[in-house]
Amino acid sequence: MRRTLRMRRAAVVFTAIGALALTGCGGDGDGEDKAGEGSGGKSPDSASTVTLPKLDGQKLSVAAVWTGPEQANFTKVLDEFEKRTGASVTFVPAQDPIVNFLGTKIAGGQPPDVAMIPQVGAIQQAVAKKWAKPVGAEARAQLGQNYAKVWQDLGSVDGTQYGVYFKAANKSLIWYNAKAFENAGASEPKTWKDFLATAETVSASGVTPVSVGGADGWTLTDWFENIYLSQAGPEKYDQLAKHEIKWTDPSVKDALTTLAELFGKPSLISGGADGALQTEFPVSVTQTFTGGDQPKGAMVFEGDFVSINIAQTEAKIGTDAKVFPFPAVGAESPVVTGGDAAVALKDGEGAQALLTWLASTDAAQIWAEAGGFISPNKSLDAASYPNDVQRTIAEALIAAGDDVRFDMSDQAPQSFGGTPGKGEWKTLQDFLKNPKDIAGTQAKLESDAAKAYTS
């Protein structure tokens, strides 16, 4: 149990989030005002933390599934790379599952130089297909200087470094409409039992308590994983993530039974199960923070990146929008993280230079200042974050060190844990629709997992 102590300390930090005097709003103009004029986050005379080659005239492309504000903020990072190297970088919009998207590009002879891959399993697949190129010495040096071993290991396959984790996420947070809570006389819950009681209290006030973005299956895997980690513990979590135990294990039954305590009460979910299954993640957030004190949902579960979507409403973090840690189902509140890794798909100085740049503190600072971003880079000054919420979440993530638990579905083969309409995403959407069928859900999850892990 010693290896979980730092994770527990991080959980303690998260419990303080709700008590913070919060200011600012992630993703708004505050971060841009801090950036140097035309420099994407570093003033022209700032000391650089990374040396990059001159790439005048070279053209590079980067594929990622990011859209909207995330794409815009990542573009700022790429713009600064262009200024420092002389290269020209094109952003290529990708679709999930990204392995399929990249396969099409590679088959057509037009792979991007670098892809931002959001699943550990997808990195492993890219390596198995001989698409991915090993990380060069300069980028490895940045990783060794700036990253805990766990983040280096997550980007490694059989001891060789292939991925540079640029963007992380804490996926153990519940955001809430402060006015709706105030009107209902509700308070921030610390346990799952208290969470359900809070939901009933909010419901009695005339506001549906929970907004669920069930149209995006990954949100449902996050619900399951947080409950499972807290209830079953980190050792079981690691075993299930590697499929060392089956999805028919009693621990999975227990977690699904707990999740059904929410999913089995349509009155607690905005639009009921059918409405949730038609609600995409961004809408699940914005509908929680629009409509004044009569939103379509009073609470929404997801990571620190929710602040990006809140910024698209008139709500202000710290006054209208507040946050508390995912409630403890077992002895401890869970701390689950995710992330996006840069992987080179072409040989060449340009792709390697971009990996080096993304592993640097300079690159992380640009998006950190813009908001809606958490970096696994331990060398990044926490003062770079635009508000206390993101600053505290980032500090806790770094404090968790090598004991952080990565998103389970993102560790799985993509056919099971990362494909819309298939595998875990589809089965948990079916479970949201029929949460009484716990045994059938377990059997389907195990059948799909067994195929994916052996293929």
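**Exercise 1.** About how many Å² does the protein chain expose, and what share of it do carbon and sulfur atoms supply?

*Solution.* The protein chain exposes about 17100 Å², an area that comes from the Shrake-Rupley method with a 1.4 Å probe. Carbon and sulfur atoms supply 49% of it.

A quick note on the ground rules: this is a predicted model, where local features need pLDDT of at least 70, side-chain atom pairs count only at pLDDT 80 or more, and totals for chains, interfaces and linings use all residues. Residues are numbered from 1 along each chain as its sequence is written, and side-chain values use heavy atoms, with hydrogens and water left out.

**Exercise 2.** Work out how helix H10 sits against helix H12.

*Solution.* Start with the axes, which are lines fitted to C-alpha atoms over the stretch in contact, with angles from 0 to 180 degrees between N-to-C directions. Those of H10 (residues 217-232) and H12 (residues 250-263) come within 9 Å and cross at roughly 125°. That makes H10 oblique to H12, oblique being what is left after under 35 degrees (roughly parallel), over 145 (roughly antiparallel) and 65 to 115 (roughly perpendicular).

Next, look at who touches whom, contact meaning heavy atoms within 4.5 Å. Residues including Trp223 and Phe224 in H10 meet a set in H12 that includes Leu259 and Phe263.

**Exercise 3.** Is Thr427 buried or exposed?

*Solution.* First find Thr427 in helix H21 (residues 423-433). Its relative accessible area is 5%, so Thr427 is buried (buried is under 20%, exposed over 50%, partly exposed in between; 1.4 Å probe, protein chains only). Finally, leaving aside neighbours within four places in sequence, Thr427 is in contact with Thr441, Lys444, Leu445 and Asp448.

Key: Helices (H or I, at least four residues) and strands (E, at least two) are DSSP runs, numbered from the N terminus.
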